[in-house]
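Colleague: I would like to go through the voids in this model with you. Could you put it on the screen?

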Amino acid sequence: MSAPPAASAATITNALTIDVEDYFQVSAFAPYIARGDWDLRECRVEHNVQRILELLDRHRVHATFFTLGWIAQRYPALVRSIVAAGHELASHGYGHERASDLSKAAFSDDIGRAKGLLEDLSGQEVKGYRAPSFSIGVGNLWAFDCLAAAGYRYSSSIYPIQHDHYGMPDAPRFAHYVREGLLEVPVTTLRMLKRNLPASGGGYFRLLPYGVSRWMFRRVNDSDKQAAVFYFHPWEIDSEQPRIAGIDRKTRFRHYVNIDRNFAKLEQLLGDFSWGRMDRIFLNRDANEVCVG
Ligand SMILES: [Zn+2]
């Protein structure tokens with residue numbers, strides 16, 4: 001891989017990403033909420049995305065919204081308001097099924113359907129894809145063949161950590177070409193004690209004190225000289241969301257921990273770093289970089 005130009009936290013623009021799905025669609029709830037019941041649930045994504053759009057506008061930040069086809073189909077005005085505000089519309093697949101649970105044909109259908117739907121609604125090319133629950137790893141690298149064939153130009157689907165639900169700890173930590181014309185941009189980890197620690201958002205950001213997250217992003221910018229990739233979900237700022245009954249303790253903790261404080265933490269994060277869209281940060285790279293995997 002070619003050496004990145006020298007830079008620091010003051011000059012590096014980090015990628016801000018939002019996975020647009022509702023609280024009842026998270027993979028950890030799949031054993032408790034039947035897919036066929038999604039339409040019966042109170043939908044809160046429109047209101048929560050509106051709050052996010054206001055937050056970003058206040059900080060004059062553009063972000064990338066990895067949007068579920070299922071959501072886009074039901075809330076076309078939501079998609080249009082994301083695009084109208086200058087953000088990048090990207091794909092989170094259609095039905096929030098883990099890539100690792102699908103056949104190659106079913107995965108191709110899902111990512112093609114989402115791309116077509118989002119492009120029809122927005123009138124713009126959809127370049128980016130993020131797999132639900134970072135579900136691309138050593139067991140299904142064929143997914144990159146499908147993404148390249150469907151015309152995606154980058155993916156942000158690998159989490160280079162050890163985790164019980166996802167992860168590919170030996171994957172490169174930063175952007176790398178995985179197929180001709182297809183860049184993989186892993187979400188951010190911190191390299192410490194010969195291990196990669198999760199540093200990019202979601203439940204870890206809610207769990208850790210804000211100062212720890214800020215320190216980790218600074219390390220990535222200052223020591224690794226790389227842009228960080230941060231992610232969160234609309235339901236992670238919604239302390240009023242309906243509680244799902246009967247779930248196991250670990251799932252309950254991971255989903256609800258510190259949701260009531262998260263919006264204020266995001267305000268701080270947006271103020272402390274420079275943020276931008278995935279496509280603008282990563283798609284102008286040297287096309288001769290080494291292809292891995
Ligand atoms: Zn998701």
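Colleague: Which residues line the largest cavity?

Modeller: This is a predicted model. In it, the lining of the largest cavity consists of Arg-173, Phe-174, Ala-175, Val-185, Pro-186, Thr-188, Gln-226, Ala-227, Val-229 and Phe-282.

Colleague: How do those residues divide by class?

Modeller: The lining has 7 nonpolar residues, 2 polar and 1 charged.

Colleague: What is the volume of the largest cavity?

Modeller: The volume of the largest cavity is about 50 Å³.

Colleague: And how many cavities of 30 Å³ or more does the structure hold?

Modeller: There are 2 of them. The second largest has a volume of about 40 Å³.

Colleague: What lines the second largest cavity?

Modeller: Its lining includes Pro-198, Ala-199, Ser-200 and Gly-201. Tyr-204, Phe-205, Leu-208, Ser-213, Met-216, Phe-217 and Phe-230 also line the second largest cavity. By class, 8 of the lining residues are nonpolar and 3 polar, with no charged residue.

Colleague: Which helices supply at least two residues each to that lining?

Modeller: Helix H6, residues 202-207, and helix H7, residues 210-222, each do so. The largest share, 3 residues, comes from H7.

Colleague: You listed Pro-198 there. Which face of strand E9 is Pro-198 on, covered or uncovered?

Modeller: Pro-198 is on the covered face of E9 (residues 195-198), together with Asn-196. Arg-195 and Leu-197 make up the uncovered face.

Colleague: How does strand E8 run relative to E9, parallel or antiparallel?

Modeller: E8, residues 189-192, and E9 run antiparallel and are joined by 4 bridges. In one of these pairings, Arg-191 has Asn-196 of E9 as its bridge partner. The two strands form a hairpin with 2 residues between them. In the turn, Leu-193 has a positive phi of about 50°.

Colleague: Let us turn to the pockets. What is the volume of the largest pocket, and how many residues line it?

Modeller: The largest pocket has a volume of about 570 Å³, and 27 residues line it. Those nearest its centre are His-163, Tyr-166, Gly-203, Tyr-231 and Arg-254.

Colleague: Which helix gives the largest share of that lining?

Modeller: H6 does, with 5 residues. Both H6 and helix H8 (249-256) supply at least two residues of the pocket lining.

Colleague: How is the pocket lining split by class?

Modeller: The split is 10 nonpolar, 11 polar and 6 charged residues. For the second largest cavity, the lining has no charged residue.

Methods:
Residues are numbered from 1 along each chain as its sequence is written. This is a predicted model: local features need pLDDT of at least 70, side-chain atom pairs count only at pLDDT 80 or more; totals for chains, interfaces and linings use all residues. Side-chain values use heavy atoms; hydrogens and water are left out. On a 1 Å grid over the protein atoms alone, a cavity is a set of points where a 1.4 Å probe fits but cannot get out, and a pocket is an open set with protein on both sides within 12 Å along at least five of seven lines; lining residues have an atom within 4 Å of a point. Grid points are joined across faces, edges and corners, and a volume is the space filled by probe spheres set on the points. Ala, Val, Leu, Ile, Met, Phe, Trp, Tyr, Cys and Pro count as nonpolar, Asp, Glu, Lys and Arg as charged, and the others, Gly among them, as polar. Buried means under 20% relative accessible area, exposed over 50%, partly exposed in between (1.4 Å probe, protein chains only). Two strands pair if DSSP finds at least two bridges between them.
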